Structure formats: structure tokens, C-alpha cells
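User: Hi! Could you walk me through this model? I'd like to start with the packing and then jump around a bit.

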Amino acid sequence: FTDIFLNFLQDPEISKAGMEAGRQYRAYIDGLVQEIKAERAAGVPEKDDMIGRLISLQQSPASYMTDDRIRDNLIGMVTGILENTNTAVCNVINWLFDHPEQLAGAQAAAPAGGDGVRVAYVLEVMRLDTAAPILVRMATRDHVLGKGTPFETTIKANSVVFASNGSAMMDETVVEEPEEFRLGRPMHNYLHWGWGLHECFGKYISMVQIPEIVKAVLQLENLRRAPGEEGKLQYHGPFPQSFVVEFEAGKAVAAG
């Protein structure tokens with residue numbers, strides 16, 4: 001992830017580590033696919049897990065899910081989902097701890113099965129404390145941005161573009177009262193996954209996965225920060241390194 005998305009200066013050490021991680025992961029997944037296929041051929045019952053489902057898709061004549069595509073999909077998921085989801089969940093819980101009124105509202109929505117309300121809470125908190133404030137892209141051709149507007153700008157081909165979606169979600173010319181926490185905002189106010197033609201496909205799994213994880217945490221009885229430094233969200237580079245919470249063990253609120 002760091003090499004693909006954050007190595008803006010093309011640090012050779014970061015690139016080397018990223019390439020090595022890719023080689024190791026590709027070898028692992030290729031071996032795992034062959035191992036699962038050998039188990040199935042030997043009569044071992046199929047497991048209902050993600051990689052097993054991808055292998056089963058190969059039985060369809062219309063499937064494009066070759067072994068290489070299985071590997072590529074899993075590499076994409078590990079690269080794009082794990083750290084981003086972890087960061088988003090930690091940011092949301094951390095922000096709610098700092099805003100007791102919104103924490104109480106989110107906790108009330110969690111056990112009630114209010115999926116729409118829960119997603120709305122997560123989207124709005126992520127707008128105020130976004131896990132991905134900048135998208136970095138390369139312009140492949142000259143482009144006039146905002147043509148005919150006061151901010152008209154020409155972007156030259158081969159320019160690196162930093163699209164500040166975090167700032168855009170706080171733009172008072174588009175977002176009403178951007179500093180205010182408000183449920184029910186229109187979806188175009190949320191640019192967590194970009195927008196338009198190049199919107200991230202991860203949006204669809206993230207809008208299920210992140211709210212569900214947040215819901216599970218919010219259902220813990222007497223949820224609170226750990227005292228002292230342990231209870232503070234601490235980062236290592238772009239990702240959370242430590243965030244300790246406390247709750248009453250065995251006393252989770254029953255889901256509705």
C-alpha cells in the first residue's frame with residue numbers, strides 16, 4: 001500500500017520492500033489456490049470462504065476467474081481494504097469518544113438494526129475525520145479543470161495531481177454548514193472513495209464492512225477509552241498503530 005499510494009518521491013527502499021512483499025504474497029496465494037484444488041480433488045469438503053468461492057466460480061463457462069485473477073483480486077483486497085478499513089474504524093470510534101452526544105446516538109442506532117442510520121453516522125464522521133484526505137493521480141493529457149469558472153486551471157499532461165477530497169468535503173460553497181455534524185446529507189457530499197468514472201470499487205464493500213465493525217464495537221457494554229496514553233489513537237505513518245478501548249466482558253448489547 002505504501003509503495004503504490006504513498007511513495008510520492010519514489011524512494012527506492014520503499015519500492016524494494018513493496019516489490020518483495022508482492023512477490024511473497026503472490027507465491028503464497030498461488031500455492032494456496034493449488035493446495036485447495038488438490039484438497040477438493042481428494043474429496044475434502046469445500047469450505048465456504050472467500051477464496052473457496054472464487055475457485056468455485058471457475059466452474060462457470062462464462063467465468064473470467066482464472067487462477068491469476070483470483071490472485072490479483074486478493075492482492076487488491078489486501079492492499080486496498082485492510083489498512084483503509086482499520087483506519088476508518090479507528091477514526092470513527094475515536095471521533096465518537098470525543099463527541100458524547102453523537103456517540104450516544106450511534107450506540108442507540110446500533111442494536112436497533114438501523115442500517116441506514118448507522119451508515120449515515122459512519123459517513124458523516126468519516127467526512128469530519130477522513131481516513132484518506134488526498135487522492136494522488138497522474139494526468140495523462142492536458143486538461144482544463146473548472147472551465148468557465150473563477151477557479152479555471154490548466155493541468156498539463158504528466159503532472160502529478162493531488163485531489164484533496166478531505167478539503168472538498170468541508171467546502172462551504174457546496175456543503176451546508178460543513179463544520180456541523182449532520183445526518184441525512186446528500187451522497188455527493190461524501191468523497192471518501194472519490195467520485196465519477198474513477199470512483200473506488202472498494203466503496204461497495206466498505207459501506208457494509210466499516211459500519212458493521214463499528215456496530216459490533218458500539219454494542220459492547222460500557223465502551224470507553226483505556227486510561228492514559230493507551231486510550232489515545234496513535235499512528236505509525238499513515239495507519240493506526242495502537243488504540244485500546246475497555247468494556248464489560250460478556251455483556252454485549254443484543255442486536256435487534
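Analyst: Happy to; we can go through the cores, the aromatic pairs, one helix face, a hairpin and a few backbone details. Keep in mind that this is a predicted model.

User: Great. Which residues touch the most other members in the largest nonpolar core?

Analyst: That core has 27 residues, and those touching the most other members are Val-92, Ile-93, Leu-96, Met-126, Ile-210, Val-214 and Leu-218.

User: And which elements give two or more residues to it?

Analyst: Those are α4 (67-97), α5 (100-109), α6 (115-128) and α8 (202-218). The largest share comes from α4, with eight residues.

User: Let's zoom in on Leu-218. What is it in contact with, leaving aside neighbours within four places in sequence?

Analyst: Leu-218 is in contact with Ile-93, Leu-96, Leu-103, Ala-106, Gln-107, Ala-110 and Leu-223. There is also another core, apart from the largest one, made of nine residues; among them are Ile-51, Leu-54, Ile-55 and Ile-70.

User: Nice. You've mentioned α5, so which of its residues are buried?

Analyst: Gln-102, Leu-103, Ala-106 and Ala-109 are the buried ones in α5. They sit on the same side of the helix, because they cover an arc of only 125° around the axis. As a general point, an α-helix has 3.6 residues a turn, so residues three or four places apart point the same way.

User: What covers those buried residues of α5?

Analyst: The cover includes α4, α6 and α8.

User: And which exposed residues are on the face turned away?

Analyst: Pro-100, Glu-101 and Ala-108 are the exposed residues there, on the face of α5 turned away from its buried side.

User: Switching topic: how many aromatic pairs are there?

Analyst: The count comes to four. One of them is Phe-1 with Phe-239: the ring centres are 5.0 Å apart and the planes are at 70°, so this pair is edge-to-face.

User: Where do those two rings come from?

Analyst: Phe-1 is in the segment before α1 (2-6), while Phe-239 belongs to strand β7 (residues 239-242), so the pair ties together parts 238 residues apart in sequence.

User: How accessible are Phe-1 and Phe-239?

Analyst: Phe-1 is partly exposed, at a relative accessible area of 26%. Phe-239 is buried, at 12%.

User: What about Trp-95 and Phe-181, are they stacked or edge-to-face?

Analyst: Stacked, because their planes are at 25°, and the cut-off for stacking is under 30 degrees. Their ring centres are 5.5 Å apart. Trp-95 lies in helix α4 and Phe-181 in the loop between α7 (165-168) and α8, so this pair ties together parts 86 residues apart in sequence.

User: Buried or exposed, those two?

Analyst: Trp-95 counts as buried at 11% relative accessibility, and Phe-181 counts as buried at 17%. Together with Tyr-121, Trp-95 and Phe-181 form one aromatic cluster.

User: Back to the N-terminal end for a second. What does Thr-79 touch, not counting residues up to four places away in sequence?

Analyst: Thr-79 touches Phe-1, Ile-4 and Phe-5. This threonine is found in helix α4 and is buried, with a relative accessible area of 17%. A polar atom of the Thr-79 side chain also lies 2.8 Å from the backbone oxygen of Ile-75.

User: Lovely. How do β6 and β7 pair?

Analyst: Strand β6 (residues 234-236) and β7 pair in the antiparallel sense, over three bridges. Gln-234 stands opposite Ser-242 in β7. The two strands form a hairpin with two residues between them, and Gly-237 in the turn has a positive phi of about 70°.

User: Which residues have a positive phi although they are not glycines?

Analyst: Two to look at are Gln-10, with a positive phi of about 55°, and Glu-177, with a positive phi of about 45°. Gln-10 is in the loop between α1 and α2 (12-41) and counts as exposed at 55% relative accessibility. Glu-177 lies in the loop between α7 and α8 and counts as partly exposed, at 49%.

Conventions:
Residues are numbered from 1 along each chain as its sequence is written. This is a predicted model: local features need pLDDT of at least 70, side-chain atom pairs count only at pLDDT 80 or more; totals for chains, interfaces and linings use all residues. Side-chain values use heavy atoms; hydrogens and water are left out. A nonpolar core is a set of buried Ala, Val, Leu, Ile, Met, Phe, Trp, Tyr and Cys residues joined through side-chain atoms within 4.5 Å. Buried means under 20% relative accessible area, exposed over 50%, partly exposed in between (1.4 Å probe, protein chains only). Helices (H or I, at least four residues) and strands (E, at least two) are DSSP runs, numbered from the N terminus. Contact means heavy atoms within 4.5 Å. Rings of Phe, Tyr and Trp (its six-membered ring) pair if their centres lie within 6.5 Å; planes under 30 degrees apart count as stacked, over 60 as edge-to-face and the rest as tilted. A polar contact is a pair of N or O atoms within 3.5 Å; within protein, one must be able to donate a hydrogen and the other to accept it, and residues adjacent in sequence count only if both atoms are side-chain atoms. The arc is that of the directions from the helix axis to the C-beta atoms. Two strands pair if DSSP finds at least two bridges between them.
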